[in-house]
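Biologist: I should like to learn how to read the surroundings of a ligand and the pairing of aromatic rings. Please show me the structure first.

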Amino acid sequence: MPEPQSQAGRTAVVTGASSGIGRAIAERLAAAGAHVVLGGRTESAMNEAAARIEAAGGAATFVVGDVREPGVVQGLIDAAVAATGHVDVVVNNAGIADFGPILEGDAERWRALFDTNVVALLVGCQAGVRAMRHQGTPGHIVNVSSVAAQDPSSGVYGATKHAVNVISRTLRLELLEDPIKVTTIMPGVVATNMARSLDPSILTTLVALSGLDVELSAGERIPDEVLARAQAALSEFAARPEDIADAVLFAVSQPAGVHVAELVVRPNKDLQLT
Ligand code: NDP
């Protein structure tokens, strides 16, 4: 008998799988038996994640690309179909953050935020649903939002996540006659590379909490060990990427008649970052 959460025989595309939450989702779905297609810009990180998945007996393919570029998200869906003949789960997770004041922002940054967090997610929803409809099989779209979508004054980043929630709810209504589910996951604070976008003083505190002697410059990728140690030190205030991955696996493992539409996954206590 397969495990209740088995994803054996399914193919899952995960955007933003080179790091943090997306990487944990890809590894969790692969451990549950799915063939996963990882998308991201950092080839070395996806190569390592795919190698780990395969070493554990799973199956993974990765595609390097910027989701803001035309054709890149569609290319992930196509890669899934080329590798396995089908796509069953699409996790639109790639995202960037900016917690700065609106009055100090600029149009180029706002475009990057909306193109990454909203437009690429829309393309992923559409391309995933089209492929699932073409196959005539059940499917699942998972959109990674944020608790910022529950806060009406959460800045430009929060505005992109409000958009994600609206898109997910609308898509769910458009798909009522299809066997395709739509789930929105709203994480609270999770220890990931998104910390790159925080105030440098918070980043310095994070490194200090890790107890490691590491110098980081602005925007640089944070070593996994720093994040894991800082998370352990802050475990009441920051969730692990794996906690969000468990929520995704829960949502995509429900029986046909159960539609987990929204999940909020917070650490025990909320960390005020802004
Ligand atoms: P990370 O920075 O660790 O991961 C972000 C991922 O998105 C990376 O794989 C990154 O790839 C990818 N990505 C970003 N921009 C692009 C792009 N233009 N093209 C392709 N890939 C891209 O952050 P998280 O894991 O924390 O973030 C994942 C999601 O979770 C985001 O949507 C975020 O908004 C959401 N979230 C995070 C929270 C947190 O506290 N961490 C809380 C709530 C929501 P690469 O590095 O290779 O460019």
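Modeller: Let us begin with tyrosine 157, which counts as buried at 8% relative accessibility; buried means under 20% relative accessible area, exposed over 50%, and partly exposed in between (1.4 Å probe, protein chains only). This is a predicted model, in which local features need pLDDT of at least 70 and side-chain atom pairs count only at pLDDT 80 or more, while totals for chains, interfaces and linings use all residues. Residues are numbered from 1 along each chain as its sequence is written, and side-chain values use heavy atoms, with hydrogens and water left out.

Biologist: Which residues form an aromatic pair, and of what kind?

Modeller: Rings of Phe, Tyr and Trp (its six-membered ring) pair if their centres lie within 6.5 Å; planes under 30 degrees apart count as stacked, over 60 as edge-to-face and the rest as tilted. The whole structure yields 1 aromatic pair. Phenylalanine 99 and tyrosine 157 meet edge-to-face, at 5.2 Å centre to centre with 70° between the planes. Phenylalanine 99 is partly exposed, at 32% relative accessible area.

Biologist: How many residues surround the ligand?

Modeller: A residue is near a molecule if one of its heavy atoms lies within 4 Å of it. Here 32 residues surround the ligand, with Ser19, Arg41, Thr42, Tyr157 and Thr192 the closest. By class, 11 are nonpolar, 15 polar and 6 charged.

Biologist: Where does a polar side-chain atom lie 2.6 Å from an oxygen atom of the ligand?

Modeller: A polar contact is a pair of N or O atoms within 3.5 Å. The side chain of threonine 192 supplies that polar atom.

Definitions and conventions: A polar contact is a pair of N or O atoms within 3.5 Å; within protein, one must be able to donate a hydrogen and the other to accept it, and residues adjacent in sequence count only if both atoms are side-chain atoms. Ala, Val, Leu, Ile, Met, Phe, Trp, Tyr, Cys and Pro count as nonpolar, Asp, Glu, Lys and Arg as charged, and the others, Gly among them, as polar.
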